[in-house]
Amino acid sequence: MQYDNDAKQMKFEVLRRVAQLAYLGELEENLEGIPFDIIPGNQARFRCCVYREREIIRERVALARGKNIPGHEKAEGLVTVLPAACEGCPINRFTVTANCQRCMAKKCVAACPFGAISVSGKGAYIDPAKCKECGRCAAACPYNAISDTMRPCLRSCPVDAISMDDNKQAVIKYDRCIGCGACTTDCPFGAISDSSYIVDVIREIKGKKKVFAMFAPAIEGQFGDATVGMLKNAIKKLGFDGVYEVALGADAVAQHEAHELKHAVENGQKMTTSCCPAFVTMIEKHFPRLIPNISHTVSPMTATARYIREEHPGALVVFIGPCIAKKQEIKKVKDSADYVITLEELAAMFAAQKINPNEMADNEQDGSVYGKGFAQSGGVSGAVMRVLEEEGCDISVSCRKCTGAKECKKALMILNAGRLPENLVEGMACEGGCIDGPASILSHQRIVKNRDKLLKNADQRTITENLEEHGFSRITME
């Protein structure tokens with residue numbers, strides 16, 4: 001696997017090496033050697049020195065093993081700042097540009113309540129020691145001569161869950177964090193990352209219990225032309241006893257949410273979807289008044305996990321997808337998957353075992369094309385509407401489709417104020433949907449191009465037919 005992003009490539013190399021050693025049963029005795037395997041010699045490749053680069057690798061190895069970074073044992077949540085990797089971004093947020101006209105009104109000076117701005121013959125100057133980054137000067141300047149440059153991690157977070165400590169290093173406020181992972185992709189140094197279950201999963205599939213994998217609909221298109229059948233066989237070669245498509249659970253979710261929505265509309269109520277865990281957490285933490293509006297339907301991951309355990313009692317279940325927030329969901333929902341690994345981690349496991357999904361034999365699919373559509377924005381509501389159509393329901397339903405956490409937040413603010421005209425809010429914290437999750441392995445354009453080709457070959461079974469064929473009626477969806 002070769003990324004065009006050096007930060008993602010470094011993360012991949014660590015995950016690949018950790019997976020390789022875990023499969024060999026030689027991880028613990030070789031931990032100290034991993035930084036030297038990945039950063040050989042004495043020449044730094046990306047940072048100030050090779051010693052810092054190796055310290056970053058050590059921190060990444062800790063996260064790859066599902067451990068806390070040494071010296072930061074109190075870190076909460078699954079998204080963590082890597083202290084050695086964080087640059088502290090020594091930038092002043094507000095800076096006077098060449099557009100300053102040295103005007104007589106000095107509105108910027110008048111607007112600043114902290115006395116941080118002075119004007120000389122060269123123009124206005126902002127004293128960074130006094131500036132509190134309130135932004136009033138930028139708003140007051142009639143020439144837009146004061147630029148606003150935020151740190152990438154702060155700018156990426158839709159719920160203001162990131163701040164800076166006294167050393168200007170990023171700090172995550174977990175009481176606000178929704179686990180969307182936007183900060184992990186937007187930090188140019190990859191200094192915020194997720195903790196991994198990859199070592200636990202490899203230990204389980206080498207053990208005596210039956211372990212089944214299930215993969216998110218967003219996997220299609222991530223590995224080139226590999227079909228779901230090829231991916232199933234590739235994942236089995238990693239040691240899993242069986243593999244299922246979560247698109248099957250998505251079909252069941254669509255059916256159950258359609259019935260919920262019909263009841264809500266008939267009773268003049270509003271409803272939000274429940275499949276995106278970051279969106280649900282946004283409601284729970286930032287709009288608690290709207291918790292009753294959340295669909296009572298479980299996520300496709302939990303629905304599929306219940307189905308697998310019904311088919312294989314006592315089995316362990318591992319979810320695979322591009323979503324980091326799913327790692328938080330399994331801690332909240334007790335009968336969901338036992339473990340979550342991301343597509344980045346799956347790619348590392350393939351590389352460690354020298355498995356190429358595109359070389360595998362093909363076989364059948366589990367989900368309908370509508371369940372597969374859950375991976376992209378508009379797919380959830382589209383599948384719900386499809387069920388209403390299949391069942392001949394003639395109620396009038398409108399939907400607000402939110403792509404990205406900022407759109408979700410805006411829609412929830414309107415709903416919270418009682419001014420949302422639509423009946424249903426489809427919330428996806430990642431722009432474009434799950435295919436653009438923080439742990440995706442290809443660009444949006446390549447994934448969409450690959451998916452379009454793959455989904456054209458999907459059969460045209462209906463959602464109702466598919467669920468009847470698989471006997472899903474015995475699975476509770478609440």
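These notebook entries record what I looked up in a predicted model.

**Entry 1: helix α12**

I began with helix α12, residues 300-311, and compared its length with expectation. At 1.5 Å a residue, its 12 residues should span 16 Å, and I found the end C-alpha atoms 16 Å apart, which agrees.

I then asked how many of the 12 residues of α12 are buried. The count is 9, and I therefore noted the helix as mostly covered, buried being under 20% relative accessible area. I listed the buried residues of α12 as Pro300, Met301, Thr302, Ala303, Thr304, Ala305, Arg306, Tyr307 and Ile308.

**Entry 2: α10 against α12**

I next examined the packing of helix α10, residues 246-266, on α12. The two helices meet at an angle of about 110°, and their axes lie 7 Å apart. Angles of 65 to 115 degrees count as roughly perpendicular, and α10 and α12 are therefore entered as roughly perpendicular to each other.

I looked up which residues form this contact. On the α10 side they are Val246, Leu248, Gly249, Ala250 and Val253, and these meet Pro300, Met301, Ala303, Thr304 and Tyr307 of α12. By class, I recorded 8 nonpolar, 2 polar and no charged residues in the contact of α10 with α12. Pro300, Met301, Ala303, Thr304 and Tyr307 also appear in my list of buried residues of α12.

**Entry 3: helix α11 and its cover**

I turned to helix α11, residues 277-286. This helix is mostly covered, with 7 of its 10 residues buried. The buried residues in α11 are Pro277, Ala278, Phe279, Val280, Thr281, Met282 and Ile283.

What covers these buried residues? I found that the cover includes β11 (271-272), α13 (326-332), α17 and β15 (424-428).

**Entry 4: α11 against α17**

Of that cover, I followed up helix α17, residues 405-416. It packs with α11 at an angle of about 40°, with the axes 11 Å apart. That angle makes α11 oblique to α17. I noted the crossing of α11 past α17 as right-handed.

In this contact, Phe279, Met282 and Ile283 of α11 meet Ala405, Cys408, Lys409 and Leu412 of α17. The contact of α11 with α17 has 6 nonpolar, no polar and 1 charged residues.

**Entry 5: glutamine 376**

I located glutamine 376 in the loop between α15 (369-372) and α16 (379-390). Its relative accessible area is 23%, and I entered glutamine 376 as partly exposed.

Which residues does glutamine 376 touch, leaving aside those up to four places away in sequence? I found Met428, Gly432, Gly433, Ile435, Val448 and Arg451. For one of these, valine 448, I also looked up the separation: it is 72 residues from glutamine 376 along the chain, and their C-alpha atoms are 9.3 Å apart.

**Entry 6: positive phi values**

Finally, I looked up two backbone values. Most residues other than glycine have a negative phi.

Glutamate 133 has a positive phi, near 60°. I placed this residue in the loop between β4 (123-126) and α5 (136-140). At 30% relative accessibility, glutamate 133 counts as partly exposed.

Asparagine 144 also has a positive phi, in this case near 50°. I found asparagine 144 in the loop between α5 and β5 (146-148). Is asparagine 144 buried or exposed? I recorded asparagine 144 as exposed, because its relative accessibility is 61% and the cut-off for exposed is over 50%.

Conventions. Residues are numbered from 1 along each chain as its sequence is written. This is a predicted model: local features need pLDDT of at least 70, side-chain atom pairs count only at pLDDT 80 or more; totals for chains, interfaces and linings use all residues. Side-chain values use heavy atoms; hydrogens and water are left out. Axes are lines fitted to C-alpha atoms, for helices over the stretch in contact, and angles run from 0 to 180 degrees between N-to-C directions. Helices (H or I, at least four residues) and strands (E, at least two) are DSSP runs, numbered from the N terminus. Angles under 35 degrees count as roughly parallel, over 145 as roughly antiparallel, 65 to 115 as roughly perpendicular and the rest as oblique. A crossing is left-handed if the near helix is turned anticlockwise from the far one by less than a right angle, and right-handed if clockwise. Contact means heavy atoms within 4.5 Å. Ala, Val, Leu, Ile, Met, Phe, Trp, Tyr, Cys and Pro count as nonpolar, Asp, Glu, Lys and Arg as charged, and the others, Gly among them, as polar. The expected span of a helix is 1.5 Å times one less than its number of residues. Buried means under 20% relative accessible area, exposed over 50%, partly exposed in between (1.4 Å probe, protein chains only).
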